[in-house]
Amino acid sequence: MINVDKIRADFPILKREVHGKPLVYFDNAATSQTPQVVIDAIADYYSNYNSNIHRGVHTLSQEATDKYEEARIKIQHHFNAKEAYEIILTSGTTHSINMVASGFASLIQKGDEIIVSALEHHSNIVPWQMLCEKTGAILKVIPMLENGALDMEVYHNLVNEKTKLVFCNHVSNALGTINPIEEIIEKAHTVNAAVLIDGAQATPHIKPDVQALNVDFYVASAHKLCGPTGVGLLYGKQEWLEKLPPYQGGGEMIATVSFEKTTYAGLPHKFEAGTPNICGGIAFGAALDYMNAVGLDEIAAYEAELLAYGTKELLKIEGLKIFGNTSEKTAVISFNVGEIHPYDIGAILDKLGIAVRTGHHCAQPIMDFYKIPGTVRASFSFYNTKEEIDVLVNGLKRAVMMLS
Ligand SMILES: *Cc1c(COP(=O)(O)O)cnc(C)c1O
């Protein structure tokens with residue numbers, strides 16, 4: 001069971017006020033807040049052992065290297081990767097996806113097919129379009145249904161011998177839909193296509209087991225799971241990471257360099273050119289420790305309670321429509337009230353101290369599907385409360401009164 005009062009005390013930002021009102025932070029799907037232990041890990045790094053890693057013989061450099069590699073092992077264990085070197089530390093989900101997309105340029109050919117889902121974040125659409133432009137491969141889309149689920153029947157028909165890659169998010173950031181990734185992966189593997197799963201939105205609530213999923217690539221960002229911005233991971237099966245060419249050239253990623261020939265370092269360094277976000281990597285490890293101490297199952301159960309309560313209370317508002325109504329969803333409520341523009345609602349809620357996101361949520365195709373300019377999105381985390389949901393509902397009633 002979540003002790004929410006105790007948890008809230010771990011997050012200094014939750015004590016602040018906005019426009020003279022207590023902050024109600026419901027923009028967790030965009031970025032999560034940071035507990036004191038993670039802030040302390042960042043301060044500890046810069047206060048006590050800030051140093052460049054892997055190259056130094058001196059004590060600070062060794063301490064920083066040890067902590068950074070310890071963080072990689074924490075990430076490995078969290079995702080249950082077979083080897084630590086299958087965890088590439090990146091600047092985040094977007095960076096990880098681009099690494100895979102750019103690497104595949106040398107592995108696919110004209111006429112090959114790439115499948116993406118209609119529920120994707122822009123960061124999971126644009127790199128594949130660029131890859132198709134470069135190679136002549138063809139992009140196919142798994143369509144979505146009215147309730148925000150993927151049309152899996154169409155997916156099964158799309159997969160064929162030409163399919164080389166399938167990309168899908170684990171959870172949709174715009175609607176909260178949890179996608180049937182096990183089924184997606186299994187089907188893709190019947191034709192030996194590689195599968196990349198974008199876990200940016202799933203990892204705050206679900207602990208993925210990459211070996212059990214048998215997924216080829218899995219990516220996520222630390223800042224959505226109580227860690228800092230600018231760091232994330234690319235998990236890749238060893239065989240795939242060995243097949244992919246390096247993404248960037250530079251220091252750290254080489255074995256030997258001469259003007260005649262350079263040989264690349266082994267995994268994971270082949271994909272980690274230059275000085276990485278050392279402090280961020282270490283803080284990412286601290287964030288996973290924190291999340292695991294609270295317990296991902298407890299987090300998911302409590303958030304499901306918030307989702308059920310929030311859905312019930314919000315639907316009492318006349319004219320309110322929720323987009324994304326699958327039974328399998330995370331604590332995200334995307335909605336509109338009548339014809340009121342989402343931005344106007346968001347601006348009034350902000351005056352009341354309530355942080356929600358408004359707009360297309362980097363998922364324009366979903367908005368086009370529903371023929372709306374965007375939605376208001378309230379996304380809950382395990383440090384939120386039912387009382388805060390009441391504040392949102394009352395704020396919304398006020399906003400609707402002022403705007404209609
Ligand atoms: C946030 C998010 C991204 C982008 O993550 P960055 O940390 O901005 O790179 C990609 N996909 C999904 C589903 C997301 O929620």
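What follows is a friendly conversation between two people about a predicted model.

Colleague: Which kind of model is this, and how many aromatic pairs does the count come to?

Modeller: This is a predicted model. The count comes to 14 aromatic pairs.

Colleague: Why is the pair of phenylalanine 11 and tyrosine 383 called tilted?

Modeller: Ring centres must lie within 6.5 Å to pair, and these two are 4.6 Å apart. Planes under 30 degrees apart count as stacked and those over 60 as edge-to-face. The planes of phenylalanine 11 and tyrosine 383 stand at 50 degrees, so the pair is tilted.

Colleague: What makes this pair one that ties together parts of the chain?

Modeller: Phenylalanine 11 sits in the loop between α1 (4-9) and β1 (17-18), while tyrosine 383 sits in the loop between β17 (375-379) and α14 (386-403), so the pair joins parts that are 372 residues apart in sequence. Both residues, phenylalanine 11 and tyrosine 383, are buried. They also belong to one aromatic cluster, formed by Phe11, Tyr290, Phe382 and Tyr383.

Colleague: And why is the pair of tryptophan 128 and phenylalanine 167 called stacked?

Modeller: Stacked is the word for planes under 30 degrees apart, and here the angle between the planes is 20 degrees, with 3.4 Å from centre to centre. Tryptophan 128 belongs to helix α5 (residues 126-135) and phenylalanine 167 to strand β7 (residues 163-169), 39 residues apart, and the pair links these distant parts of the chain. Both tryptophan 128 and phenylalanine 167 are buried.

Colleague: How do you know that lysine 243 lies over the face of tryptophan 240?

Modeller: The distance cut-off for a charge over a ring is within 6 Å of the ring centre, and the charge must also be within 35 degrees of the ring normal. Lysine 243 lies over the face of tryptophan 240 at 4.0 Å from the ring centre. Lysine 386 lies over the face of tyrosine 309, at 5.6 Å from the ring centre.

Colleague: Which residues surround the ligand?

Modeller: Among them are Thr93, Thr94, His121, Asp198, His223 and Lys224.

Colleague: What makes aspartate 198 a polar partner of the ligand?

Modeller: A polar contact needs a pair of N or O atoms within 3.5 Å. An N or O atom in the side chain of aspartate 198 is 2.5 Å from a nitrogen atom of the ligand. Threonine 94 has a polar side-chain atom 2.6 Å from an oxygen atom of the ligand, and lysine 224 has one 2.7 Å from an oxygen atom of the ligand. On its own the ligand has 390 Å² of accessible area, and the protein covers 85% of that.

Colleague: Why does aspartate 216 count as buried?

Modeller: Buried means under 20% relative accessible area, and aspartate 216 is at 3%, so it counts as buried. Aspartate 216 is in the loop between α8 (210-213) and β9 (217-221). A polar atom of its side chain lies 2.8 Å from the backbone nitrogen of valine 195, and the side chain of aspartate 216 also makes a polar contact of 3.2 Å with the side chain of tryptophan 240.

Colleague: Is glutamate 313 buried or exposed?

Modeller: Its relative accessible area of 12% falls under the 20% cut-off, so glutamate 313 is buried. Glutamate 313 is part of helix α11 (residues 296-314), and its side chain makes a polar contact of 3.0 Å with the side chain of lysine 316.

Colleague: What is notable about phi of histidine 19?

Modeller: Most residues other than glycine have a negative phi. Histidine 19 has a positive value, near 50 degrees. Asparagine 80 is not a glycine either, and its phi is positive at about 55 degrees.

Colleague: Why is histidine 19 called partly exposed?

Modeller: Partly exposed runs between the 20% and 50% cut-offs. Histidine 19 has a relative accessible area of 47%, so it is partly exposed. Asparagine 80, in the loop between α3 (59-79) and β4 (87-90), counts as partly exposed at 32%.

Colleague: What makes the peptide bond from leucine 267 to proline 268 cis?

Modeller: Its omega is near 0 degrees. Most peptide bonds are trans. Proline 268 is in the loop between β12 (262-264) and α10 (278-294).

Technical notes. Residues are numbered from 1 along each chain as its sequence is written. This is a predicted model: local features need pLDDT of at least 70, side-chain atom pairs count only at pLDDT 80 or more; totals for chains, interfaces and linings use all residues. Side-chain values use heavy atoms; hydrogens and water are left out. Rings of Phe, Tyr and Trp (its six-membered ring) pair if their centres lie within 6.5 Å; planes under 30 degrees apart count as stacked, over 60 as edge-to-face and the rest as tilted. Helices (H or I, at least four residues) and strands (E, at least two) are DSSP runs, numbered from the N terminus. Buried means under 20% relative accessible area, exposed over 50%, partly exposed in between (1.4 Å probe, protein chains only). A residue is near a molecule or strand if one of its heavy atoms lies within 4 Å of it. A polar contact is a pair of N or O atoms within 3.5 Å; within protein, one must be able to donate a hydrogen and the other to accept it, and residues adjacent in sequence count only if both atoms are side-chain atoms. Accessible areas come from the Shrake-Rupley method with a 1.4 Å probe; for residues, only the protein chains shown count as cover.
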